[in-house]
Amino acid sequence: MCWKCGTPIEADAPLGRDALCPVCSAYLRSCKNCVFFEPGAHYDCRETVDDPVSDKEAANFCGFFSLRRTFDAAAAAKHTADRQNARDAFARLFSD
């Protein structure tokens, strides 16, 4: 399932790095589309990765990647809102 638009993805074979969602063109082989992606975990991943991936929405070559078959849109929206609220609070610290 695409992390960005929720389109079901039929992928029996491994996804190539350049695989895109047919609806929204988001990269499918990205951290946000992986079963191991967990915001707040070490490097936002439940696997023991050695190097962090800076852009969780971009295509990558991670050897642990496994396509997430389901996606909790409500949890993702809450996480995005929480991150934005934290950024806004930080910005307010330095505003007049």
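Student: Which side chain does Glu38 meet in a salt bridge?

Tutor: Arg46. Keep in mind that this is a predicted model. In it, the closest approach of Glu38 and Arg46 is 3.2 Å, N to O.

Student: Is Glu38 buried, exposed or partly exposed?

Tutor: Partly exposed. Its relative accessible area is 36%. That lies between the 20% and 50% cut-offs, so Glu38 is neither buried nor exposed.

Student: Why would such side chains pair at all?

Tutor: Opposite charges can pair when the charged atoms come close.

Student: How many salt bridges in total?

Tutor: Three. Besides Glu38 with Arg46, there is Arg17 with Asp18, and Lys32 with Glu57.

Student: Take Lys32 and Glu57. How far apart are the closest N and O atoms?

Tutor: 2.9 Å. The pair links distant parts of the chain, with the two positions 25 residues apart in numbering. Both Lys32 and Glu57 sit in the segment before α1.

Student: And is Lys32 buried or exposed?

Tutor: Buried. Lys32 has a relative accessible area of 17%, and the cut-off for buried is under 20%, so Lys32 qualifies. Its partner Glu57 is partly exposed, at 35%.

Student: What about Arg17 and Asp18? What's the N to O distance there?

Tutor: 4.0 Å. Arg17 is partly exposed, with 34% relative accessibility. Asp18 is exposed, at 58%.

Student: Switching topic. How many cavities of 30 Å³ or more turn up?

Tutor: One, from a search of the whole structure. The volume of this cavity is about 150 Å³.

Student: Which residues are closest to its centre?

Tutor: Cys31, Cys45, Val49, Val53 and Cys62. They belong to a lining of 17 residues.

Student: What classes make up that lining?

Tutor: There are 12 nonpolar residues. Two are polar and three are charged.

Student: Now the outside. Which residues form a nonpolar patch on the surface?

Tutor: Phe90, Leu93 and Phe94. Together they have about 410 Å² of accessible area.

Student: Where does Leu93 sit?

Tutor: In helix α1, which covers residues 73-93.

Student: How is Leu93 classed, buried or exposed?

Tutor: Exposed. Its relative accessible area is 63%, and exposed means over 50%, so Leu93 meets the cut-off.

How values were computed: Residues are numbered from 1 along each chain as its sequence is written. This is a predicted model: local features need pLDDT of at least 70, side-chain atom pairs count only at pLDDT 80 or more; totals for chains, interfaces and linings use all residues. Side-chain values use heavy atoms; hydrogens and water are left out. On a 1 Å grid over the protein atoms alone, a cavity is a set of points where a 1.4 Å probe fits but cannot get out, and a pocket is an open set with protein on both sides within 12 Å along at least five of seven lines; lining residues have an atom within 4 Å of a point. Grid points are joined across faces, edges and corners, and a volume is the space filled by probe spheres set on the points. Ala, Val, Leu, Ile, Met, Phe, Trp, Tyr, Cys and Pro count as nonpolar, Asp, Glu, Lys and Arg as charged, and the others, Gly among them, as polar. Patches are made of residues with over 30% relative accessible area and no salt bridge: like charges are joined within 9 Å, nonpolar side chains (Val, Leu, Ile, Met, Phe, Trp, Tyr) within 5 Å. Accessible areas come from the Shrake-Rupley method with a 1.4 Å probe; for residues, only the protein chains shown count as cover. Helices (H or I, at least four residues) and strands (E, at least two) are DSSP runs, numbered from the N terminus. Buried means under 20% relative accessible area, exposed over 50%, partly exposed in between (1.4 Å probe, protein chains only).
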